[in-house]
Amino acid sequence: MHPLLAHQRAQDAFAGVLANVSPDHLGAPTPCTEWTAKDLIEHVIGGNEYVGKWADNPIEPPPRPDNIADAHRTAAAAAHEIFAGPDGMSTMFNPPFGQVPGQLFIGMRTADVLTHAWDLAAATGQSTDLDAELATEQLAAVRAVVGPQFRGPGKPFGEEQPCSSERAPADQLAAFLGRKVQ
């Protein structure tokens with residue numbers, strides 16, 4: 001799948017879950033134990049906004065709407081526009097963990113957004129069976145790069161959790177990245 005299409009589909013999956021989040025859900029705990037649903041939503045929106053801020057030629061994100069669904073849509077569209085630009089796949093991005101080319105950064109953002117869509121769905125009692133084709137592709141991609149050096153306390157991912165291969169691909173992705181799949 002083309003990286004731009006994968007990125008858009010991950011953002012769409014997140015938006016679909018977000019559309020069913022009520023104000024009562026915002027304080028709910030998530031599989032990311034340090035975050036509530038509101039914190040997780042803020043992380044995804046903020047991550048999208050940082051795409052422009054971390055570009056070699058930084059771009060300020062557009063003003064953030066008050067409504068969280070609109071804020072996600074605006075930030076996701078701005079990030080997508082940067083990646084889709086003429087040099088979006090080759091430009092260098094400068095996140096705190098080191099400089100990466102757009103081709104790699106878009107994949108990282110795609111996996112992050114789709115996994116957090118799963119987290120939000122789990123936290124709010126929604127189906128975690130999200131975009132099976134995309135989840136299968138992202139699972140293969142993260143399996144190729146996420147090793148023991150990225151797992152454990154103070155690292156981006158927890159230890160891989162058990163998950164049947166008969167579960168939805170998004171469940172398998174979440175378990176691989178350290179989430180407990182119920």
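**Salt bridges and cores: a short tour**

Hi everyone, let me start with a count: searching the whole structure turns up eight salt bridges. Before I show you some of them, please keep in mind that this is a predicted model.

Why would side chains pair up like this at all? Side chains of opposite charge can pair when their charged atoms come close.

Let's begin with E133 and R9. These two form a salt bridge, and their closest N and O atoms are 3.0 Å apart. E133 sits in helix α5 and R9 in helix α1, so the pair ties together parts that are 124 residues apart in sequence. E133 itself is exposed, with a relative accessible area of 51%. Exposed here means over 50%.

There is a third partner to meet. Which residues are linked with E133 in a network of salt bridges? They are R9 and D131. You can find D131 in the loop between α4 and α5. D131 counts as partly exposed, because its relative accessibility is 23%. Its backbone is worth a look too: the phi of D131 is near 25°, a positive value in a residue that is not glycine. For background, most residues other than glycine have a negative phi.

Next, R64 and E49. Their side chains meet in a salt bridge of 2.7 Å, N to O. R64 is in the loop between α2 and α3, while E49 is in helix α2, and the pair, 15 residues apart, links distant parts of the chain. Is E49 buried or exposed? E49 counts as buried, because its relative accessibility is 14%, and buried means under 20%. R64, on the other hand, is partly exposed at 34%.

Another pair is R167 with D171, whose side chains meet in a salt bridge at 3.1 Å, N to O. R167 has 32% relative accessibility, so R167 counts as partly exposed. D171 has 4%, so D171 counts as buried.

Now let's go inside. In soluble globular proteins, nonpolar side chains tend to be buried together. In this model, the largest nonpolar core has 35 residues, and those with the most contacts inside it are F14, I41, L114, L120, L130 and V142. Six helices give two or more residues each to this core: α1 (3-18), α2 (37-53), α3 (68-84), α4 (102-123), α5 (132-145) and α6 (169-176). Which of them gives the most? That is α4, with seven residues.

If you'd like one residue to zoom in on, try V142. Setting aside residues up to four places away in sequence, V142 touches A111, L173, F176 and L177. There is also a second, separate core of 10 residues, and I82, F83, F93 and I106 are among them.

Some polar residues are buried as well. Take D119, which is in helix α4. D119 is buried, with a relative accessible area of 0%. What does its side chain meet? A polar contact of 2.8 Å joins the side chains of D119 and R179. Leaving aside neighbours within four places in sequence, D119 is in contact with P31, C32, L40 and R179.

H80 is my other example, and you will find H80 in helix α3. With 17% relative accessibility, H80 counts as buried. The side chains of H80 and H7 are joined by a polar contact of 3.0 Å. Beyond neighbours within four places in sequence, H80 is in contact with L4, H7 and Q8.

Let's finish on the surface. F97, L104 and M108 make a nonpolar surface patch of about 290 Å². F97 is in the loop between β1 (92-93) and β2 (100-101). At 53% relative accessibility, F97 counts as exposed.

One last stop is G16, in helix α1. G16 is partly exposed, with a relative accessible area of 38%. How far is G16 from R179 in sequence, and how far in space? G16 and R179 are 163 residues apart in sequence, and their C-alpha atoms are 20 Å apart in space. You may remember R179 as the residue whose side chain shares a polar contact with that of D119.

Thanks for listening, and do have a look around the structure yourselves!

Technical notes: Residues numbered from 1 in each chain as written. Predicted model: local features only at pLDDT ≥ 70, side-chain atom pairs only at ≥ 80, totals over all residues. Heavy atoms only, no water. Core = buried A, V, L, I, M, F, W, Y, C linked by side-chain atoms within 4.5 Å. Buried < 20%, exposed > 50% of the residue type's maximum accessible area, 1.4 Å probe, protein only. Helix = DSSP H or I, 4+ residues; strand = E, 2+ residues; numbered from the N terminus. Contact = heavy atoms within 4.5 Å. Polar contact = N/O pair within 3.5 Å; in protein donor to acceptor, adjacent residues only side chain to side chain. Patch = residues over 30% accessible without salt bridge, like charges linked within 9 Å, V, L, I, M, F, W, Y side chains within 5 Å. Areas by Shrake-Rupley, 256 points an atom, 1.4 Å probe, with all protein chains shown as cover. Salt bridge = Lys/Arg side-chain N within 4 Å of Asp/Glu carboxyl O.
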